[in-house]
Amino acid sequence: MPRASTSEARLADHVDRLGLEHPPIDLDSVDFTVRRPRELAARFGHVLDYMARVELEVDRNVLELTTLLPDPPEIDRRFYAEVWQPQEIQHGLILDRLQVELGRAPAQPDRTSVGVKLRVLGALAHLDAFQDVCRMLYYLTGMATERSAVLAYNLLHAGVRELGEHAVADTLIAPIRRQEPGHFAFYQLSARALWAELAAWQRWLVRRMRRLSFAPVGANDAAQSADFGDVMRALGIDRDVDDFAAQVSRVESELLWAHRRGLAVPPYVVRAFREAAELAAVRRAA
Ligand SMILES: [Fe+2]
Ligand SMILES: [Fe+2]
């Protein structure tokens, strides 16, 4: 089989498997028993809130996606409509229910607004060659987002267990965490296959746009960036920002920046995470 159709077949298998093996998590399967709600809320309440918001904003991400990719490959549409969105929405609902059980206000996701920049890109994306640039950016964002999610859920799981809240750790965080690597794998397979097909000018444009637009997952403005900084602090990520940035951007470095030897982590990735930590520190001091 030629290379393109091999990777298409692998992707289709992957999406089928995700759909079969990972149905959206049933709210009734979660044990919300918490022994010390006040401690859990004080330590991780804002982390739950951030994650719930980001998970629930997949509704907006799908709107953005249909703006950005007016004519997506069928496998992308199947992935986001049949696998990804239904799973992520459940993650959001479950995390939000937990924070409400802890006595906190529910998350306030923005589920509908698509920014002007994206609309402009979407208009340009009617040109096929440009749509491929947008698709590549979408896969790169997907990889960074899902990898961040896996790392954050690992740390949250460990932290919640350390507090002795085993019901929540094992029936809520662990099942959510199990669904994220499959999302990452989808974006990784897609990104590798598409990168191999892009022309030099498309690759140049991807690098340039990525440098201008990279942000931590869910951080759409300075306040949300500071919120992410607080999440980093609660999870201990701020103690080794460079390592976190490296893990989040491993495949991106390999694909986009392979020609620059010694560039272990793209500087714009490290910068964005450091900035989030700094914004949070400034806000705390104020
Ligand atoms: Fe998720
Ligand atoms: Fe995910």
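1. A helix here is a DSSP run of at least four residues, numbered from the N terminus. Met209 belongs to one of these, helix H8, which covers residues 200-213. Please keep in mind while reading that this is a predicted model. Met209 has 16 other C-beta atoms within 10 Å, so this residue is partly exposed; a count of 20 or more would be needed for buried, and 12 or fewer for exposed. Along the chain Met209 and Val133 are 76 residues apart, yet their C-alpha atoms are separated by 9.3 Å.

2. Let us move on to Phe186, which sits in helix H7 (residues 166-197). Is this residue buried or exposed? Phe186 counts as buried because 24 C-beta neighbours lie inside 10 Å. Leaving aside residues up to four places away in sequence, Phe186 touches His14, Val15 and Phe79. Asp221 is a useful contrast to those contacts: 35 residues from Phe186 in sequence, with 27 Å between the two C-alpha atoms.

3. Phe186 also takes part in the packing of H7 on helix H4 (residues 74-101). The two helices meet at an angle of about 155 degrees, and their axes are 11 Å apart. That angle makes H4 roughly antiparallel to H7, because the cut-off for this class is over 145 degrees. The crossing of H4 past H7 is left-handed. On the H4 side the contact is made by Phe79, Trp84, Gln87, His91, Ile94 and Leu98, and on the H7 side by Val168, Leu172, Ile176, Gln179, His183 and Phe186. Sorted by class, these residues give eight nonpolar, four polar and no charged.

4. Helix H6 is worth following from end to end. Its 35 residues reach 51 Å from the first C-alpha to the last, close to the 51 Å expected at 1.5 Å a residue. After H6 comes Gly164, with a positive phi near 85 degrees.

5. H6 packs on H10 at an angle of about 130 degrees, with 9 Å between the axes. The pair is therefore oblique. From H6, the residues Ala144, Arg147, Ser148 and Leu151 meet Phe244, Gln247 and Val248 of H10. This contact divides into four nonpolar, two polar and one charged residue.

6. H10 (residues 241-248) has a further partner in helix H12 (residues 267-285), at an angle of about 135 degrees and with axes 9 Å apart. H10 and H12 are therefore oblique to each other, and H10 passes H12 in a right-handed crossing. Which residues make the contact? H10 contributes Val241, Asp242, Phe244, Ala245 and Val248, while H12 contributes Val269, Val270, Phe273, Arg274 and Ala277. The class count for H10 with H12 is eight nonpolar, no polar and two charged residues. Phe244 and Val248 appear here and also in the contact with H6.

7. Finally, have a look at helix H9 (residues 222-235). Its 14 residues should span 20 Å at 1.5 Å a residue, and the end C-alpha atoms are 20 Å apart, which agrees. The buried residues of H9 are Ser225, Ala226, Asp227, Phe228, Gly229, Asp230, Val231, Met232 and Leu235. What do they pack against? Their partners are helix H2 (37-56), helix H6 (128-162) and H12. Gly236 follows H9, and its phi is positive, near 80 degrees.

How values were computed. Residues numbered from 1 in each chain as written. Chains lettered and ligands numbered in written order. Predicted model: local features only at pLDDT ≥ 70, side-chain atom pairs only at ≥ 80, totals over all residues. Axes fitted to C-alpha atoms, helices over the stretch in contact; angles between N-to-C directions. Parallel < 35°, antiparallel > 145°, perpendicular 65-115°, else oblique. Left-handed = near helix turned anticlockwise from the far one by under 90°. Contact = placed C-beta atoms within 7 Å. Nonpolar A, V, L, I, M, F, W, Y, C, P; charged D, E, K, R; others polar. Expected span 1.5 Å × (residues − 1).
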